[in-house]
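Reader: Could we go through the pockets and the ring contacts of this structure? Please show it before we begin.

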Amino acid sequence: MARVIGIAGSLRKGSFNAALLRAAAAVAPAGMEVEIASIAGIPLYDGDLEAEHGAPAPVIELQEKIASSDGLLLVTPEYNASMPGVLKNAVDWLSRPPVGAAKVFGDRPVAIIGATPGMGGTRLAQAAWLPIFRNLGARVYVGKQLYVAGAAQAFDAEGVLIDDTVRTLLTEFMAGFADFIAAR
Ligand SMILES: Cc1cc2nc3c(=O)[nH]c(=O)nc-3n(C[C@H](O)[C@H](O)[C@H](O)COP(=O)(O)O)c2cc1C
């Protein structure tokens with residue numbers, strides 16, 4: 001059983017990206033389990049804090065989860081044509097200290113998807129993540145891209161995916177990611 005850690009990069013209760021993560025977990029193929037984790041509680045990165053106390057507990061907990069997983073599914077919102085600061089901040093913390101970053105991200109299969117109410121579908125945010133995961137030595141899944149534009153129509157008021165086309169594409173994407181992990 002491949003265990004994938006899923007992280008949505010939004011703290012909002014009604015987050016479309018959290019909804020997309022739940023939908024991705026639901027359509028994961030047999031043989032893959034997506035465990036939904038959270039970046040809530042991770043403080044702003046502060047080198048003094050790190051020097052005095054090391055990484056905070058929510059960071060260590062998430063590092064351990066990812067390090068013991070078979071892959072990471074990052075569900076990214078798009079802010080100002082790039083990734084949101086809260087999610088970049090979380091990944092920055094997760095990459096500390098550099099020697100530990102190799103255990104968390106080194107050779108780790110990473111898939112990136114995202115949702116936005118706008119028309120671009122987070123394609124710019126997804127592209128902006130590529131040099132970061134390359135820098136961290138992760139193995140980014142670059143199969144078919146999965147992005148959700150017009151998210152307000154794709155999910156209902158409870159955050160349940162109601163767009164059948166997106167569900168089909170998401171199912172194919174997750175199957176492709178599972179194959180990518182299995183081919184390691
Ligand atoms: C500061 C800020 C900048 C944004 N910039 C973009 C953008 O460049 N492209 C886009 O598609 N949506 C943009 N949005 C809209 C977000 O996609 C939208 O708020 C979305 O719901 C955030 O994801 P969430 O639903 O998971 O919280 C921006 C939102 C904020 C707050």
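Author: One term is needed beforehand: a residue lines a pocket if it has an atom within 4 Å of a point of that pocket. Please note also that this is a predicted model.

Reader: Understood. Which residues line the second largest pocket?

Author: The lining consists of Ile112, Arg123, Gln126, Ala127, Leu130, Val140, Tyr141, Val142, Gly143, Lys144, Gln145 and Phe173. The volume of this second largest pocket is about 160 Å³.

Reader: Which helix gives the most to that lining?

Author: Helix α6, residues 123-135, does, with four residues. By class, the lining of the second largest pocket holds seven nonpolar, three polar and two charged residues.

Reader: Turning to rings, how many aromatic pairs are there in the whole structure?

Author: A search finds eight. In one of them, tyrosine 141 and phenylalanine 173 meet edge-to-face, 5.3 Å centre to centre and with 70° between the planes. The two residues are 32 apart in the chain: tyrosine 141 lies in the loop between β5 and β6, and phenylalanine 173 in helix α8.

Reader: Why does tyrosine 141 count as buried?

Author: Its relative accessibility is 15%, and buried means under 20%. Phenylalanine 173 is buried as well, at 3%.

Reader: Which residues do ring pairs link into a cluster with Tyr141?

Author: Phe173, Phe177 and Phe180. Over the ring of phenylalanine 180 sits the charged end of arginine 139, 4.8 Å from the ring centre.

Reader: And what volume does the largest pocket have?

Author: About 190 Å³. Helix α1 supplies the largest share of its lining, three residues. Among the lining residues is Arg12, whose charged end sits over the ring of phenylalanine 16.

Note on methods: Residues are numbered from 1 along each chain as its sequence is written. This is a predicted model: local features need pLDDT of at least 70, side-chain atom pairs count only at pLDDT 80 or more; totals for chains, interfaces and linings use all residues. Side-chain values use heavy atoms; hydrogens and water are left out. On a 1 Å grid over the protein atoms alone, a cavity is a set of points where a 1.4 Å probe fits but cannot get out, and a pocket is an open set with protein on both sides within 12 Å along at least five of seven lines; lining residues have an atom within 4 Å of a point. Grid points are joined across faces, edges and corners, and a volume is the space filled by probe spheres set on the points. Ala, Val, Leu, Ile, Met, Phe, Trp, Tyr, Cys and Pro count as nonpolar, Asp, Glu, Lys and Arg as charged, and the others, Gly among them, as polar. Rings of Phe, Tyr and Trp (its six-membered ring) pair if their centres lie within 6.5 Å; planes under 30 degrees apart count as stacked, over 60 as edge-to-face and the rest as tilted. Buried means under 20% relative accessible area, exposed over 50%, partly exposed in between (1.4 Å probe, protein chains only). A charge sits over a ring if NZ of Lys or CZ of Arg is within 6 Å of the ring centre and within 35 degrees of the ring normal.
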